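I opened this entry to look at one side chain first, then at a helix pair, then at the overall fold.

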Amino acid sequence: MTREFIINELVARGIKAEATEVVKNGVTLHGVILGEGSVRPTIYAEWYENVHESEVDSVVNNIIKMMNEQKPQFNLDRLA
């Protein structure tokens, strides 16, 4: 399974997802940025290459679950 396959499935489920590459300590990490807004989670995962396409539903469900559990909550009135 490729990162693009996961991104396409997330988009098909109505979640904005885009590929990203970041270099940290000289190592290129391939990730997926999820959602919209200025604060968005990024999943860096090489494990998706070892996942069979028949497991995509479970993988995407877990990504959505993690995204929803980690959603930041801001009180904009207190930030102003």
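I looked up arginine 3 and asked whether it is buried or exposed. Arginine 3 comes out at 9% relative accessibility, so it counts as buried, the cut-off being under 20%. I note that this is a predicted model.

Next I checked where arginine 3 sits: it belongs to helix α1. Then I went through its neighbours. Leaving out residues up to four places away in sequence, arginine 3 touches Ala19, Thr20, Glu21, His30, Gly31, Val32 and Tyr48. I also found a polar partner: the arginine 3 side chain reaches the backbone oxygen of glycine 31 at 3.1 Å.

I moved on to the helix pair. How do α1 and α2 cross? Helix α1 covers residues 3–12 and helix α2 covers residues 56–69. Their axes come within 10 Å and cross at roughly 70°. The two helices are therefore roughly perpendicular. I logged the crossing of α1 and α2 as right-handed.

I listed the contact residues too. From α1 there are Phe5, Ile6, Glu9 and Leu10; from α2 they meet Val56, Val59, Val60, Ile63 and Ile64. I sorted the residues of this contact into eight nonpolar, no polar and one charged.

Last, I took stock of the whole protein. I counted three helices and three strands. Along the sequence they follow the pattern α-β-β-β-α-α. The C-alpha trace spans about 45 × 35 × 15 Å along its principal axes. Of the 80 residues, 29% count as buried. Among contacts with a separation of 6 or more, 39% come from residues 24 or more positions apart.

Notes:
Residues are numbered from 1 along each chain as its sequence is written. Side-chain values use heavy atoms; hydrogens and water are left out. Axes are lines fitted to C-alpha atoms, for helices over the stretch in contact, and angles run from 0 to 180 degrees between N-to-C directions. Helices (H or I, at least four residues) and strands (E, at least two) are DSSP runs, numbered from the N terminus. Angles under 35 degrees count as roughly parallel, over 145 as roughly antiparallel, 65 to 115 as roughly perpendicular and the rest as oblique. A crossing is left-handed if the near helix is turned anticlockwise from the far one by less than a right angle, and right-handed if clockwise. Contact means heavy atoms within 4.5 Å. Ala, Val, Leu, Ile, Met, Phe, Trp, Tyr, Cys and Pro count as nonpolar, Asp, Glu, Lys and Arg as charged, and the others, Gly among them, as polar. Buried means under 20% relative accessible area, exposed over 50%, partly exposed in between (1.4 Å probe, protein chains only). A polar contact is a pair of N or O atoms within 3.5 Å; within protein, one must be able to donate a hydrogen and the other to accept it, and residues adjacent in sequence count only if both atoms are side-chain atoms.
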